[in-house]
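Hi,

Here is the structure I said I'd pass on. Have a look at it first, and then read on for what turned up.

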Amino acid sequence: MIRLNDITSQILSYHPKANIDLVEKAYVYSAKAHQGQIRLSGEPYLSHPLEVAYILTKMKMDVTCIAAGFLHDTLEDTEAEADEIKHLFGEETANLVEGVTKISRMQFTSRQQRQAENVRKMILAMSSDIRVILVKLADRLHNMRTLGFQTPEKQRLIAAETEDIYAPLAGRMGIQWIKSSLEDLCLYYLEPKIYEDIKNEIAQTRDKREEFIKNVIELVSKKLEEFKIQATIKGRDKHFYSIYKKMLDQDLTVNQVYDVLAFRVIVSGIKECYEVLGHIHSMWKPVQGRFKDYVSVPKANMYQSLHTTVIGPMGQRMEMQIRTWDMDKVAEDGIAAHWKYKEGTTENKTDEKQFMWLRQLLEWQQNLKDPAEFLETVRMDLFPDEVYVFTPRGDVKAFPRGATPVDFAYSIHSEVGEKCMGARINRRMVPLRYQLRNGQTVEIITSPKQHPSKDWLEFVKTPRAKTKIRQWIRNQERGESIALGKNLLEKALERDRLKLTNIMKNEQILSIAKEFSFHSVEDLIAQIGFGKISPRQVIGRLKPKLGIKDERPPGLVGKMVGRFKRRKGDLGIKVKGVSDMLIRFANCCHPLPGEPVIGFITRGRGVTVHQRNCSHILNADPERLVEVSWQASKEDIYLAKIRVTSVERKGVLSDISAVLTQKDANIIEAQVKTTVDRKGIALFTIEVEDYNQLQNIMGAIKRVKNVLIVERL
């Protein structure tokens with residue numbers, strides 16, 4: 001276990017004048033607060049804050065941040081109070097501890113919503129003090145290192161979240177060693193077989209690779225000495241996760257991945273970087289399209305290096321990274337490399353470009369309310385595989401790989417994006433779907449008659465473009481939905497022989513809109529057009545206001561939504577975030593309570609509920625899908641169709657019917673036929689309470705003598 005002395009020694013090694021009293025005081029407080037607590041590994045709980053603090057020293061963080069590392073779990077897991085921490089350790093430390101605590105304290109109704117809100121909180125916390133997320137990353141790294149003591153289900157859940165959010169976040173902040181460590185640990189838990197295959201393959205060829213690395217370093221050193229270039233050369237195996245991604249991207253097995261080696265040449269200045277590149281290319285043939293210049297055009301996280309892949313000795317592919325010592329420090333430590341020490345205080349005014357992406361994330365978390373859309377936007381920004389292009393004026397713009405002229409247009413201004421009708425790349429006309437490449441000059445052609453299309457969402461890559469296109473489409477659809485909703489309501493009023501003058505300004509309709517928590521009649525009418533409110537619901541509330549009693553018996557509506565016997569009008573389904581929704585069940589898949597379901601908004605007809613794996617849903621417009629959940633009672637009855645295939649035998653139909661009677665399943669319809677090969681096929685439509693009852697029925701029928709197959713239709 002890490003000891004306090006290991007941490008203080010590490011701090012003093014990079015900051016000799018540091019006030020380690022604060023760190024020692026935080027250690028004592030944490031030890032007392034967590035006294036008696038044990039981790040799942042059986043170790044004292046104090047081992048965790050010790051490890052977190054030590055990881056922060058590896059990032060060369062200041063004493064305030066390391067003290068927060070010791071205290072980060074005290075508010076959540078002990079009797080400690082925020083005011084007490086503020087009094088003992090100062091406001092700065094207390095704010096860091098509270099920021100880390102807030103990231104994981106709240107509970108949410110769905111995994112996606114929880115994850116989205118966690119990311120929102122991280123972004124808000126980071127905007128006030130970036131060190132909050134550095135403590136959180138250290139916390140997550142140690143938790144991943146000790147994940148083996150959790151249940152398999154929790155291991156996969158935590159590893160998936162780490163792969164999805166924390167590892168790329170570490171990469172986006174430029175802390176490469178944490179990113180690589182997290183990714184390898186994720187691979188170990190998410191793909192254990194692939195991890196073992198890579199590990200075994202690497203182990204079997206280790207001696208040969210070490211000899212190869214030694215030879216390459218000698219060859220490069222000798223070459224650079226000829227030209228009096230002083231350099232430090234390092235060689236290593238690529239990380240397991242990096243090899244795994246190459247296997248996925250190129251559809252390879254582990255023994256087909258050849259470029260598993262990476263070399264790093266560190267020199268004193270930028271001029272030497274390009275000189276070394278030339279000498280390496282003179283020694284070995286470079287691989288076409290594998291050269292990247294991040295020195296002249298740094299990544300968004302300020303990473304700088306020259307990357308090239310060459311065919312080395314014995315035909316082996318090798319990746320070579322060439323950089324200065326300052327670049328190497330930023331490449332390993334990222335944001336942490338910007339921390340300066342001056343008389344024991346921290347200067348956190350870092351380079352403006354370093355935090356441009358953080359301000360962008362902050363803007364998205366404020367504007368994007370839908371969890372799925374927000375997470376998609378953040379993920380896209382956390383995985384920046386970038387290309388760099390030029391404006392006609394020579395300005396450089398960075399985009400994710402696969403970005404198009406539409407992405408470029410929206411990066412200039414949303415109006416340019418909306419009016420974009422074409423583009424010239426290096427003075428040559430290209431279609432809007434064209435994928436930008438490094439070094440191209442892009443000129444956008446606009447037209448006042450042009451407007452965004454839903455098709456654009458299929459090929460644009462940047463979060464800004466996707467957000468703005470969706471925004472425009474929603475505004476456009478709102479206008480169409482108001483017109484459709486008004487038409488639907490007018491027809492419904494006409495069917496009921498109700499006459500209202502000017503629906504949009506009618507006082508009774510306005511009061512109904514407010515009953516539905518809408519601000520205006522227009523909002524209500526739009527929701528009718530979207531299918532979220534039915535005209536029948538509005539008329540049902542309107543008649544009492546007009547002094548009309550609705551004495552008409554129920555019509556055919558109940559039969560048209562599935563011919564189910566109901567005790568209430570919600571059909572046992574709740575639509576997330578919406579009340580009084582018109583619900584119907586899909587005839588294509590007949591979902592049952594207990595099955596995973598999803599809703600599809602059908603304009604003017606409410607929400608149609610499908611099974612999640614229904615083929616109609618897999619190809620549906622994702623913007624019209626809505627989360628639904630079962631709220632069925634034992635009084636609700638649903639229809640299910642099953643087909644029973646059996647060997648023809650006298651009495652087999654009677655036995656099947658007896659099972660259905662025994663399982664309390666009412667037979668609505670039955671069809672029986674015999675095939676030419678003497679097999680009996682019986683189709684039953686039965687009433688059931690839920691999916692579990694249907695499974696029990698099908699299981700019981702399978703046990704009937706001579707029954708071959710029982711399947712749900």
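A quick word on terms before the salt bridges: a residue is called buried when its relative accessible area is under 20%, exposed when it is over 50%, and partly exposed in between. Keep in mind too that this is a predicted model.

On that scale, Arg 209 is buried, because its relative accessible area is 7%. Its salt-bridge partner is Asp 237, with N and O 2.6 Å apart. The two come from distant parts of the chain, 28 residues apart: Asp 237 belongs to strand E1 (residues 232-237), and Arg 209 to helix H13 (residues 206-226). Asp 237 has 25% relative accessibility, so that end of the pair counts as partly exposed.

Arg 712 and Glu 595 make another long-range pair. Their closest N and O atoms are 2.5 Å apart. In sequence they are separated by 117 residues, with Arg 712 in strand E23 (residues 707-712) and Glu 595 in the loop between strand E15 (583-585) and strand E16 (597-602). Here the acid is the buried partner, since Glu 595 has a relative accessible area of 8%, while Arg 712 is partly exposed at 21%. There is also a network, in which salt bridges with shared partners join Arg 264, Arg 323 and Asp 328.

For a local pair, go to helix H12 (residues 192-204), where Asp 197 and Lys 193 sit 4 residues apart, about one turn of the helix. Their side chains form a salt bridge at 3.3 Å, N to O. Lys 193 is exposed because its relative accessible area is 61%, and Asp 197, at 32%, is partly exposed. The full count is 16 salt bridges.

Now the sheets. Strand E23, the one that carries Arg 712, is part of an open, antiparallel sheet of 4 strands in the order E21-E22-E20-E23. Its edges are strand E21 (666-674) and E23, each pairing on one side only. From one strand to the next, the twist averages 15°. Strand E20 (residues 638-647) pairs with E23 over 5 bridges, in the antiparallel sense, and Arg 643 stands opposite Glu 711 in E23. Two helices go with this sheet. Helix H27 (residues 652-662) lies across E20, E21, strand E22 (679-688) and E23, at about 15° to E22. Helix H28 (residues 691-702) packs on the sheet as well, touching E20, E22 and E23, and its direction makes about 165° with that of E23.

There is a 3-strand sheet too, also open and antiparallel, in the order E12-E11-E13. Strand E12 (428-430) and strand E13 (442-446) are its edge strands, each with pairing on one side only. The twist in this one averages 35° from strand to strand. Strand E11 (residues 420-425) and E13 share 5 bridges in an antiparallel pairing, and in E13 it is Glu 443 that stands opposite Arg 424. Helix H19 (residues 405-412) packs on this sheet and touches E11, E12 and E13, its direction making about 80° with that of E13.

One last residue to click on: which contacts does Thr 57 make beyond its neighbours within four places in sequence? They are Ile 7, Gln 10, Ile 11, Tyr 14 and Ile 66. Thr 57 lies in helix H3 (residues 47-58) and is buried, because its relative accessible area is 0%.

Cheers

Note on methods: Residues numbered from 1 in each chain as written. Predicted model: local features only at pLDDT ≥ 70, side-chain atom pairs only at ≥ 80, totals over all residues. Heavy atoms only, no water. Buried < 20%, exposed > 50% of the residue type's maximum accessible area, 1.4 Å probe, protein only. Contact = heavy atoms within 4.5 Å. Pairing = 2+ DSSP bridges. Axes fitted to C-alpha atoms, helices over the stretch in contact; angles between N-to-C directions. Salt bridge = Lys/Arg side-chain N within 4 Å of Asp/Glu carboxyl O.
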